[in-house]
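Student: I have a structure open in front of me, and I would like to work through it by asking one question at a time. Could you reason through each answer with me?

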Amino acid sequence: MPSEFLDVAHLLRRSGFGGRRPEIEALTEMEWPDVVDLILDTSPNPPVTEGVPNLNPDATTWSERYVGMTHHWFERARTVPRPIEEKMALFWHGLLCSGLDKVNQHYLMFDQIQLFRTAGLGDIVELYQAMAVQPAMLLYLDNKDNRRGSLNENFAREVMELFTLGQGHYTEDDVAASARAWTGHGLTSYDTYPRTYQFRADRHDSDTKTFMGVTANWDGPEILNHILLGPKQRDAARFISAKMWSFFAYPNPEPALVDDLATAMINGGMRADVVLRAIFNRPEFRSEKARTGLVRSPIEYTVAALRHSNLTSSDIDPQWYVGEMGQSMYDPPNVSGWRQNGYWISSSAMWAKARFASNLRWRAYDNEFLADSAELPTETSVERALDTFGVFAASARTRASLTNFVATERSTSRWAESSGLIFLSLLTPEFQLA
Amino acid sequence: MNNVPFTSDASTLLPYPQTIEPGDPSPAEIVAALSRPAPSDASSLSRRRFIQAAAASGALASIPTWSVLNRSDVAGAAAGASVGADEGIVVMLTMGGGNDGLNTVIPIGDSAYYDNRSRLAISAEESLQITDGYGLHPNLPSLKQRYDMGQVAVIEGVGQPVDDLSHFTSMARWMSGRLSGVPTSGWMGRHLDGMPNEIPIPGVTVGSSIPLLMLGSKPRTSALPEKVSGLFSVQNDPVDQRQYRAIRDFAGDTGLGTWGNALAGAGPNALDLAGQLRPIYPTDPVRGKVARQMEVIARLINAGIGIRVFSVIWGSFDSHSGQPEQHGDRLAEFDAGLKVFYETLNPQWADRVLVVTQSEFGRRAKDHGSDGTDHGAAGTMLAIGSNVKGGFYGQAPSLTNLTRQDNLIPTVDFRQVQSTVLNDWLAGDAGEIFGSNFESLGFLRAPGTAPGDGGDGGGGPIVVNPTERRNSFVRLYLAYFLRFPDTKGLDYWLTVGDGTIGLGEASLYFAKSAEFRQRYGAVDDARFVELIYNNVLNRAPEDKGFNYWRGVLGDGYSRGEVMIWFSESAENIRATAARVAEYNALTLGS
């Protein structure tokens, strides 16, 4: 049975940054589970080693590094054939947070996102183990300062509270035991380049500790395995799959739905792509609630705008606008990441979106984008503009507003029709929804 | 005065590597790293909050666009936002990159200064002398004027009680008010956390992100743009108005669920709030970013919407080389900011307003071969205002007994100055904010109205002299069109919108006129600058001016904005005085 056009359009928005009409139409000929499999197959994507910016602090300026690493991500998100890879990198960036403000070295933040990119759809346990000992995380949550006799609990606590279980699933004694298990896992000194993970046996507490009722000579990675694969596995699977559902479908999923996803995660060997497949194949994913359940985050919004208008990061420098909209790339506000929906709606964010949309329309206008608008019948001109920006089911209100705009332009100064339509399409509620 | 104890190794205190020149990050980068985007959750700046602020402080009547507001919004406004007659307002000016205190307030009476600064010393004659032993940098005439009025406290020898030359960690300490640990909040942010919720907008930073200084556990600081154009993308011409109409038409029941409706409603809200802020913003702003920011702040104070703390950050003061020009330019920006600030500030607020400067460190006592100075330790802070007890505070660091890196040894912990501001001016609790108590330096009187001054706390609209306004428009016509205004046209601009339209807004319309576009439309920026020198000022541009204005246009300022600056330049006002008088005689009679 072929798939519905609007369902496929929705899937491409959520699994990526929005599809164009021809690619959506091509996919409608496939069965839904096959469409899902296809968008999860990242093999056509260029290797992550391609186009890596120079982030060596001795060879570049701060700005060059920041622009280089942000443009790299915007461009990959905008252009790779299977953007689920970039979408998952963004998901993990907002869950397993580190931030440039504290890590303070661009290449270390970049390496973390590269890990999320390469391992983000695979084995979640492997991903967590790798994340735990990357320099970015060792710096961001202070485990580098966690030493025998001088504990720093930051990482040990957040791993359970924010990354795997949530409050209520562990005790303060568990935090202390975990912190002791993680002692000695640090990194090379600040004057080395590149800084790398370093285990210092002399700083490690190798006495026995009691973690979640089990007394043993725990080491940090064993703690992580115990959380993700031991008796707490179902809690962790529920926690992580609920985060994934909230990111891809809508916040606060129903408990029964979360149970099903957790079961899929466990039965599928704790792989992220298995959960994604389960999410996208759920009928709830295609429900009205999901369709209107998320607001595009600033990064999703700007990538979609670039993608639909054929403009590049160098044309617009989206990295500055996303910050003004409230989402600085590589720099979440704190260890709990970005919130959703209402967090992205405010006057100051709207001003920033409008400035971005205005800048974009003049760049697009220079490229004669939609330049023939004024030659089309009014309704067609509106329809075509919305279609170009991936708005395939505009509300009657939006259509009426734009139709009235075009009609008025045609009775006054025709030159502003195409640029105005670009600007306005980007500010429609439909385009701002995820 | 108590000496500040040093610890020997600052690197153990904070996780950042110590970076010392070259390749230092710029102050903007440092501040960016220590900032957060403007909070955009439900409690950030919204139209409702703004209306509450204005309603509660009684500023409604002075802002013409209030008439469009929904009555119920206003009725729900809380009382108590207004800054009371005995409450203080503070403007924190952060000089990023390390300001050279020695060349700001210059110890002209100390021969050791001249020994250390063989290249960069400023002579007593060049300086603007304020006392026997001290002179100000020659680019600080407005500060001198304030000093002479007894309104400037100079606090010498201020620094961190640790030996640290990193911009990052030093700035993090100054902003957080904490010596160690990872900074997550600023001392001013923590103070703002304690402000009652009835004050809708207690803190404002003019810029796009909120610096660590202003971050607390609650979003109490709003980021406002420095230019009116930052409020929304576009200007107010008819084409834009039609687009705004379309954005307004998106709002309503969209059938797109809660979030679709919220997004559709956010457009009109943002437009409305921009419309309400617009009259507060100058439509013919002054030149220069810092001056612009200070002008906006003065006007926000005048509008009386209850803002207690403002923050401005700029730089770079990091003058490793070419210091005379770089440092001179930064101080000139500071002085221009002060000048426009006090010109704009309604006098009835003056007794409640304090301006404080800070920088992460001073600079090396000795200069070096590339006409620069490296990162230093002790610096000089300034506190300016009519309730400042003018004079010198702290203790001047010795210029002969230096640290092993040739730096001035701090004599005052920076937190002592910050505590003085919090306790004596903002009625705060510095002990709680800093976790320890510092003795007041005593450079402040209590904020409030001087006896017999009669201030009422209401604030008021900026009053523009109608004759001056008319003359400005006549000059604008002359500048744009090289002709007198047609009476009908001039009348239109003088009366449209109940006579509230500014020169800046009008200029943007002028710039879109066929007459102007025909004359200048096809030329590039360079030719445009050349033409307006010829046409407006009747002379060829000098190189410096030519390059300056090309740069201004290159920075994204519009030709309409540049036209105003030409039209309202002192040179043009003088040159056109006779023609303006002639026109007035023709149209107004004698």
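Student: How many aromatic pairs does the structure hold over all chains?

Tutor: Before counting, keep in mind that this is a predicted model. Two aromatic rings pair if their centres lie within 6.5 Å. Over all chains, the number of aromatic pairs is 46.

Student: How are the rings of W174(B) and F414(B) arranged towards one another?

Tutor: The two rings of this pair are 4.8 Å apart from centre to centre, and their planes make an angle of 25°. Planes under 30 degrees apart count as stacked. The arrangement of W174(B) and F414(B) is therefore stacked.

Student: Which parts of chain B does that pair tie together, and how many residues apart are they in sequence?

Tutor: W174(B) is buried at a relative accessible area of 2%, and F414(B) is buried as well, at 0%. W174(B) belongs to helix α6, residues 167–176, while F414(B) belongs to helix α12, residues 414–425. The pair therefore ties together α6 and α12 of chain B, in parts whose separation in sequence is 240 residues.

Student: What kind of pair do F516(B) and F528(B) make?

Tutor: F516(B) lies in helix α17 (residues 514–520) and F528(B) in helix α18 (residues 525–536) of chain B, twelve residues apart. Both are buried, F516(B) with a relative accessible area of 3% and F528(B) with one of 0%. Their ring centres are 6.2 Å apart and the planes stand at 85°, so the pair is edge-to-face.

Student: Which residues form one aromatic cluster with F516(B) and F528(B)?

Tutor: The cluster lies in chain B and takes in F516(B) and F528(B) themselves. Its other members are Y477(B), Y480(B), F481(B), Y492(B), W493(B), Y509(B), F510(B) and Y520(B).

Student: In what order do the strands of the open sheet in chain B stand, and which of them are at the edges?

Tutor: The open sheet has three strands with antiparallel pairing, in the order β3-β5-β4. A strand with a single partner has one side left without a neighbour in the sheet, and this applies to both β3 (105–106) and β4 (128–129). The edge strands are therefore β3 and β4 of chain B.

Student: Which residue of β5(B) stands opposite V105(B)?

Tutor: β3(B) pairs with strand β5, residues 135–136 of chain B, in the antiparallel sense over two bridges. Across this pairing, the residue of β5(B) that stands opposite V105(B) is L136(B).

Student: Turning to chain A, at what angle do the axes of helices α14 and α15 cross?

Tutor: Two packed helices are described by the angle between their axes and the distance between the axes. Helix α14 covers residues 255–267 and helix α15 covers residues 272–281 of chain A, and their axes come within 8 Å. The crossing of α14(A) and α15(A) is right-handed, and the angle is roughly 145°.

Student: Of what class are the residues that make this contact: nonpolar, polar or charged?

Tutor: From α14(A) the contact takes L261(A), A264(A) and M265(A), and from α15(A) it takes V274(A), V275(A), A278(A) and I279(A). There are no polar and no charged residues in the contact, and the seven residues are nonpolar.

Student: How many of the ten residues of α15(A) are buried?

Tutor: What covers the buried residues of α15(A) includes several helices of chain A, among them α1 (5–15), α5 (84–95) and α13 (233–248). The buried residues are A272(A), D273(A), V275(A), L276(A), A278(A), I279(A) and F280(A). The helix is thus mostly covered, and the number of its buried residues is seven.

Student: Is H72(A) buried or exposed?

Tutor: H72(A) is found in helix α4, residues 62–79 of chain A. Not counting residues up to four places away in sequence, H72(A) touches V48(A), E50(A), G51(A), V52(A), P53(A), F110(A) and R117(A). Its relative accessible area is 8%, and buried means under 20%, so H72(A) is buried.

Student: What percentage of the residues in chain A is buried?

Tutor: The secondary structure of chain A comes to 24 helices and four strands. Of the 434 residues in chain A, the buried ones make up 62%.

Terms used
Residues are numbered from 1 along each chain as its sequence is written. Chains are lettered from A and ligands numbered from 1 in the order in which they are written. This is a predicted model: local features need pLDDT of at least 70, side-chain atom pairs count only at pLDDT 80 or more; totals for chains, interfaces and linings use all residues. Side-chain values use heavy atoms; hydrogens and water are left out. Two strands pair if DSSP finds at least two bridges between them. Axes are lines fitted to C-alpha atoms, for helices over the stretch in contact, and angles run from 0 to 180 degrees between N-to-C directions. A crossing is left-handed if the near helix is turned anticlockwise from the far one by less than a right angle, and right-handed if clockwise. Contact means heavy atoms within 4.5 Å. Ala, Val, Leu, Ile, Met, Phe, Trp, Tyr, Cys and Pro count as nonpolar, Asp, Glu, Lys and Arg as charged, and the others, Gly among them, as polar. Buried means under 20% relative accessible area, exposed over 50%, partly exposed in between (1.4 Å probe, protein chains only). Rings of Phe, Tyr and Trp (its six-membered ring) pair if their centres lie within 6.5 Å; planes under 30 degrees apart count as stacked, over 60 as edge-to-face and the rest as tilted.
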